[in-house]
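Hi,

Here is the structure I promised to pass on. Have a look at it first, and then read my notes below on how the chains meet.

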There are 2 protein chains.
Amino acid sequence: MAQASQATIGSSEFDRDTAVTRRSEGVYDIDLSAGWTIISAVNGGYLLAVLGRALADALPHPDPFTISAHYLTASRPGPAVVRTDVVRTGRTLSTGQASLFQYDDQGRETERIRVLASYGDLGALPDDVRTTALPPALPPMEQCFGPEDGPAPVDGSSAITERLMLKLDPATLGWALGAPSGKGEMRAWFGLKDGRDADPLSLLLAVDALPPTAFELGISGWVPTVELTVHVRCRPAPGPLRVSITTRNLAGGFLEEDAEVWDSADRLVAQSRQLARVRLR
Amino acid sequence: MAQASQATIGSSEFDRDTAVTRRSEGVYDIDLSAGWTIISAVNGGYLLAVLGRALADALPHPDPFTISAHYLTASRPGPAVVRTDVVRTGRTLSTGQASLFQYDDQGRETERIRVLASYGDLGALPDDVRTTALPPALPPMEQCFGPEDGPAPVDGSSAITERLMLKLDPATLGWALGAPSGKGEMRAWFGLKDGRDADPLSLLLAVDALPPTAFELGISGWVPTVELTVHVRCRPAPGPLRVSITTRNLAGGFLEEDAEVWDSADRLVAQSRQLARVRLR
């Protein structure tokens with residue numbers, strides 16, 4: 001495990017596993033790591049960070065302000081190629097598109113995810129903040145629980161949990177004890193286990209790294225993401241993040257997951273919403 | 001004004017003004033109407049409905065389940081072309097991309113908006129509903145106020161207000177009286193003035209048709225949309241809609257607008273979030 005000494009932005013396993021290699025203008029190779037899988041699926045937030053990193057290279061601005069991903073087919077660990085397209089460049093914002101492809105048995109490219117994003121420079125924004133949103137009410141970290149505190153609650157691979165510092169609010173842990181609350185809420189302290197601080201790219205992972213709110217609604221099946229949009233609102237301060245996820249409407253076999261990410265300085269650093277499909281098993 | 005007799009889905013001015021003409025496979029012409037402008041801007045929800053209509057023709061599924069638009073340059077009334085691309089077709093969902101272009105002074109195509117969307121069939125969804133969200137607390141329509149109840153609150157064109165039945169909750173109307181509440185909330189009864197009932201396409205208009213929440217935050221400048229994502233969750237029942245918009249975080253010159261649309265049967269029919277830029281004047 002990458003738990004040894006404190007990793008930094010750039011030296012962390014997260015950075016190595018999201019690093020893309022430029023093959024030609026706008027085209028990037030990557031080997032998707034098996035380290036970010038849960039059950040048999042590659043985590044959607046990790047994949048979004050890979051695409052986000054390719055776009056940060058392709059566009060003149062460094063930070064994803066808003067990034068929308070449509071998940072087409074399930075990604076597998078292994079080789080992939082990201083093809084980017086610069087849609088528009090402006091003074092404060094630029095917009096790009098990216099697709100991640102893998103290869104089928106015949107070696108043909110199959111599209112996994114398509115993304116549309118507008119990038120800017122978070123460091124260039126003015127300091128005004130007028131927020132009525134409040135940070136999630138989370139117990140202190142030592143009163144929260146991680147996968148290491150109990151038996152593995154899911155079957156199959158849980159590689160990603162070995163790389164995350166995830167401490168769940170006991171109030172949203174009923175599902176793990178066989179008594180889901182019936183409320184579509186999930187809250188946790190979040191970080192990378194190797195101690196790497198958060199940055200805009202790791203926020204793309206943070207919004208999709210908690211157990212699905214569906215577990216607390218008493219649904220134990222797979223909840224694949226159809227679409228995920230993340231707004232990064234502020235460069236996060238060092239220290240653990242608080243992530244709060246809410247589902248208010250489960251209907252017709254679909255649900256939304258709204259995530260908020262707060263940093264140690266009590267700034268709302270990211271908001272996201274995803275539409276996911278409920279697959280009962 | 002199109003107020004004469006009750007219009008139906010298909011016969012309304014909204015249908016005529018969003019109708020696209022197929023030029024060739026996946027390519028559609030449209031004349032953007034001046035009837036959906038506010039001040040000098042073509043309404044972003046109207047534009048999204050135009051793109052949504054083109055994608056409904058290009059894809060095998062009829063209804064936008066989730067549609068994400070990145071607004072690149074300001075659209076003007078007049079000729080435009082929509083180019084669509086089928087990304088993936090599946091049994092229950094298909095994904096497409098679309099761009100709207102207009103022509104510059106030299107006749108070159110300039111991209112206005114790019115959209116990524118996943119479509120399905122709302123009519124084919126099961127009936128399960130587990131919603132903890134509550135409809136917005138709105139006074140009865142006769143206690144709410146429309147543009148016709150007072151002097152025009154904005155300078156310039158207000159063509160769109162002549163086509164909408166918009167009755168604003170007095171609790172979110174402080175801005176029109178010079179006394180914004182300081183809360184980022186806007187709520188209204190919504191319909192088309194010609195009496196056309198709502199459908200998934202007009203929901204794309206409904207989420208972006210209220211005055212900006214920024215007005216209630218005491219900001220009177222333009223608030224252009226950077227990105228708007230809409231989830232259509234249910235086919236709306238006939239009758240007026242209730243739209244509730246909330247901004248919880250204004251920071252660094254950007255804000256989010258979260259919209260919920262409820263139908264007359266108390267179903268949450270659409271959710272949206274946009275990232276907008278605050279331009280102080």
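**Where chain B meets chain A**

Putting chain B and chain A together buries about 4,800 Å² between them, and carbon and sulfur atoms give 49% of that area. On the chain B side, B:Arg233, B:Arg248 and B:Arg273 lose the most area to chain A, together 15% of what that side buries. Keep in mind that this is a predicted model.

If you're wondering why I started with an area, the size of an interface is often given as the accessible area lost when the parts come together.

You can also count residues: 55 residues of chain B are in contact with 55 residues of chain A.

Next, the polar side of things. How many salt bridges does the rule find across the interface of chain B and chain A? There are 6. One to look up involves B:Arg248, whose side chain meets that of A:Glu260 in a salt bridge, at 2.3 Å from N to O. The rule also finds 44 residue pairs in polar contact across this interface, both residues being at pLDDT 80 or more.

Which part of chain B gives the most to the side that touches chain A? That's strand S16 (residues 268-277), with 7 residues. As for the make-up of that side of chain B, its residues divide into 21 nonpolar, 19 polar and 15 charged.

Finally, some strand pairing between the chains. Strand S9 (residues 129-131) of chain A pairs with strand S14 (residues 249-251) of chain B in the antiparallel sense, over 3 bridges. To find your way there, go to A:Thr131, which stands opposite B:Asn249 in S14(B).

Cheers

Note on methods. Residues numbered from 1 in each chain as written. Chains lettered and ligands numbered in written order. Predicted model: local features only at pLDDT ≥ 70, side-chain atom pairs only at ≥ 80, totals over all residues. Heavy atoms only, no water. Contact = heavy atoms within 4.5 Å. Buried area = accessible area lost by both parts, 1.4 Å probe. Salt bridge = Lys/Arg side-chain N within 4 Å of Asp/Glu carboxyl O. Polar contact = N/O pair within 3.5 Å; in protein donor to acceptor, adjacent residues only side chain to side chain. Helix = DSSP H or I, 4+ residues; strand = E, 2+ residues; numbered from the N terminus. Nonpolar A, V, L, I, M, F, W, Y, C, P; charged D, E, K, R; others polar. Pairing = 2+ DSSP bridges.
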